[in-house]
Amino acid sequence: MHALVRGRISVNPRGFGFLNIEASPERGGAPGKPGGAPIGPATAFITPPDLNPFLDGDVVDAVVAEAEPGRYSASQLALVHRDRTELFGTVVSHAKRPHLRVDRLVSNTDWPFKPGSADDLAEGTAVVAFIDGAAVVPARVVAPGADLGIERCLARNGVHAVFPAEVVEAARAAAAAPIERELSRGRRDLRELTTVTIDAPVTTDIDDAVSVIPAGPDGALRVLVSIADVDAFVPEGSPLDLEARARGTSVYLAGRVIPMLPDAISSEAASLLPGVDRLAVTVELRIDAEGGVTSIDLHESVIRSHARLSYDAVEEYLTTGRSAGVPEAAAPVVRWLRTAAARLSTVRAARGGVELDRDEAYVTLDAETREPTAVSPRADTGAHRLIERLMVAANEAVASWLVARGLPCVFRVHDEPTEERVRALERFAHNFGVEAGFGPRLSPRGLAAFEAQFRGSGIAPAIRTVLGKALGPARYTAEPDLHFGLGAPLYLHFTSPIRRYADLAVHRVVKRYLQGRREQHADVEALASLAHHLNARARSAAKAETERHRMLVARLFASRIGEEIDGNIVAIKPFGLVVQMVESGATGTIALEALPDGPYRPDAAVQALIGANRRYGVGESIRVAIAATNEELGRVELVPAGARGAS
């Protein structure tokens with residue numbers, strides 16, 4: 001077999017790479033818009049010499065051939081598209097010429113600096129550099145003592161930590177916009193309504209505030225979800241807007257936040273801080289006694305947060321009926337918000353869907369040193385669920401409001417899983433000791449019934465990890481459709497415009513309508529392009545967050561070499577197994593060569609490693625020992641307990 005294919009490069013730190021095949025160019029494929037599913041293998045091996053000119057994530061055309069039965073190689077690579085614009089590394093010298101020793105998860109070779117651009121940089125200096133053809137140019141020198149792990153993580157994933165000077169200045173100027181001018185053009189004044197925010201204590205970019213009008217004689221109450229009006233500070237098409245669009249999202253790394261907008265807006269002028277007037281877009285939901293949302297109203301508003309509450313304080317109040325962190329004036333609001341969330345939860349439970357944890361585990365950092373001190377499975381509290389219910393309800397409401405008016409927008413869609421994914425999930429569940437029996441297709445209610453079997457159990461973190469992979473990711477799209485995971489007929493992102501550009505785009509459509517622009521014609525191609533871009537930026541942000549998390553886990557586990565831990569297999573990879581550790585929820589890897597009674601071959605159809613005498617499948621429990629860690633690669637290397645090298 002010899003075939004011309006298009007794919008994306010994945011670099012292995014050992015120096016070789018893989019081509020993840022996405023399309024066949026002759027069938028009209030393009031980056032992000034494959035013209036047809038590839039016929040043949042999903043991946044192909046790239047030798048080090050062929051990989052040298054390329055970077056992780058590059059889209060290339062290549063010729064794929066079967067090197068031996070079942071094993072494919074890619075050659076004659078030609079660059080089609082490169083998203084990456086910066087590289088992180090340290091200065092080294094080759095033949096008396098400075099080069100950049102690039103992160104080995106990004107490039108398998110050192111890149112030369114453009115002549116004369118780095119002559120004054122000492123060997124070993126950490127640098128972020130712009131890519132200029134086949135060379136690099138220093139963009140900035142990393143300050144001595146900076147966390148190189150964060151710098152490496154950001155550059156790997158195309159996340160820019162520094163705003164251009166003109167964008168910072170534009171943000172400062174925009175932050176001075178007076179509230180009075182906005183009030184004079186008819187915003188609804190909600191400043192006297194008791195309004196609260198509920199966030200983590202360290203949060204500075206506060207997007208959302210909530211208030212409630214208690215139930216009347218008919219049992220219906222009204223919840224007002226007020227969202228920061230970022231558009232009032234970020235005019236569409238302005239330098240601020242273009243920068244926010246390019247970033248797509250804020251990035252939340254353990255120990256550091258890279259905001260989508262400069263602090264003058266994200267943490268100050270737009271943030272819904274307590275005791276100050278703030279511009280907002282408010283969605284008002286009338287919720288009847290059975291949890292039905294019977295009316296939706298949207299308006300531009302001015303609000304004032306009367307109390308900044310923390311999740312812990314609200315959880316304490318919900319559990320015990322008292323908390324020093326919940327002022328007396330805010331207590332009735334919290335009680336009625338609990339009522340609203342309970343009603344919404346009843347309806348949501350009836351329609352199905354599932355809640356998936358965002359992270360595999362939570363890393364605790366020392367408040368002063370910012371060093372990791374512990375890692376544990378993530379567990380959301382009742383306070384988290386209360387806010388989550390209200391924000392999901394607001395997002396659904398705005399989606400249905402827009403569709404009812406025929407307004408174009410960027411929606412959030414999660415596809416129903418294919419039959420192949422459903423059957424695979426049944427096999428994985430069986431390996432965990434859970435019987436699914438989904439039938440011919442999986443429905444949101446069937447998914448909820450499945451989730452009820454393991455909720456609160458010791459295997460819950462691992463099975464949620466596998467479930468998330470089986471269901472696949474949600475995505476932005478210009479076409480409204482089902483969000484399967486939430487069981488929502490329509491859904492979008494509206495509640496976080498400080499940190500997500502998709503929400504800001506939705507706000508603009510809503511505000512144009514409220515200001516009298518009833519006819520808004522869709523530029524389908526432009527919306528589709530925006531959705532594609534935002535999906536890519538969301539993936540990069542999630543990858544950066546995951547990599548930073550795993551770097552810290554590796555740093556923490558470096559002192560636990562030889563320790564034995566119970567785990568569950570959550571993924572099969574070409575290099576071996578991914579194991580989620582029960583105690584912490586963190587993951588580690590077992591290399592193929594570390595497994596006894598080998599050799600093994602990956603079987604994608606059943607998601608297992610198959611050997612002559614035994615197999616390892618997703619969902620199976622396994623006792624492992626910590627063998628080594630690599631912080632730069634974010635890896636905890638494991639071996640089966642009792643195997644040679646386990647202690």
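Below are worked exercises on a predicted model, in which local features need pLDDT of at least 70, side-chain atom pairs count only at pLDDT 80 or more, and totals for chains, interfaces and linings use all residues. Residues are numbered from 1 along each chain as its sequence is written, and side-chain values use heavy atoms, with hydrogens and water left out.

**Exercise 1. Trace the barrel and its strand pairing.**

Step 1. Take the elements from DSSP runs: helices are H or I of at least four residues, strands are E of at least two, and numbering starts at the N terminus.
Step 2. Strands pair if DSSP finds at least two bridges between them.
Step 3. Follow the order β24-β25-β26-β31-β30: these 5 strands close into a barrel with mixed pairing.
Step 4. On average, neighbouring strands of this sheet are turned by 50 degrees against each other, direction ignored.
Step 5. Check β24 (residues 564-573) against β30 (residues 621-630): they run antiparallel and are joined by 5 bridges.
Step 6. Pick one bridge: Gly567 has Ile622 in β30 as its partner.

**Exercise 2. Place helix α12 against the barrel strands and against α11.**

Step 1. Fit axes as lines to C-alpha atoms, for helices over the stretch in contact; angles between N-to-C directions run from 0 to 180 degrees.
Step 2. Helix α12 (residues 460-471) lies across β24 and β25 (576-581), and runs at about 10 degrees to β24.
Step 3. Turn to α11 (residues 444-454): it packs on α12 at about 160 degrees, with the axes 10 Å apart.
Step 4. Classify the angle: under 35 degrees is roughly parallel, over 145 roughly antiparallel, 65 to 115 roughly perpendicular and the rest oblique. The two helices, α11 and α12, are therefore roughly antiparallel.
Step 5. Assign the hand: a crossing is left-handed if the near helix is turned anticlockwise from the far one by less than a right angle, right-handed if clockwise. α11 passes α12 in a right-handed crossing.
Step 6. List the contacts (heavy atoms within 4.5 Å). Leu447, Phe450, Glu451 and Phe454 of α11 meet Ala460, Ile463, Arg464, Leu467 and Leu471 of α12.
Step 7. Sort them, with Ala, Val, Leu, Ile, Met, Phe, Trp, Tyr, Cys and Pro as nonpolar, Asp, Glu, Lys and Arg as charged, and the others, Gly among them, as polar. The contact of α11 with α12 has 7 nonpolar, no polar and 2 charged residues.

**Exercise 3. Repeat the analysis for α2 and α14.**

Step 1. Helix α2 (residues 148-156) packs on helix α14 (residues 524-557) at about 155 degrees, axes 9 Å apart.
Step 2. That makes α2 roughly antiparallel to α14. Their crossing is right-handed.
Step 3. Gly149, Ile150, Arg152, Cys153 and Arg156 of α2 make the contact with Ala544, Glu547, Arg548 and Met551 of α14.
Step 4. Residues of this α2 with α14 contact divide into 4 nonpolar, 1 polar and 4 charged.

**Exercise 4. Describe the hairpin of β20 and β21.**

Step 1. β20 (residues 362-365) and β21 (residues 372-376) run antiparallel, joined by 4 bridges.
Step 2. Val363 stands opposite Val375 in β21.
Step 3. The hairpin has 6 residues between the strands, and Arg370 takes a positive phi near 60 degrees.

**Exercise 5. Is Ser107 buried or exposed, and what does it touch?**

Step 1. Ser107 sits in the loop between β7 (97-102) and β8 (111-112).
Step 2. Apply the cut-offs: buried is under 20% relative accessible area, exposed over 50%, partly exposed in between (1.4 Å probe, protein chains only). With a relative accessible area of 0%, Ser107 is buried.
Step 3. Leaving out residues up to four places away in sequence, Ser107 touches Val11, Phe54, Leu55 and Val102.
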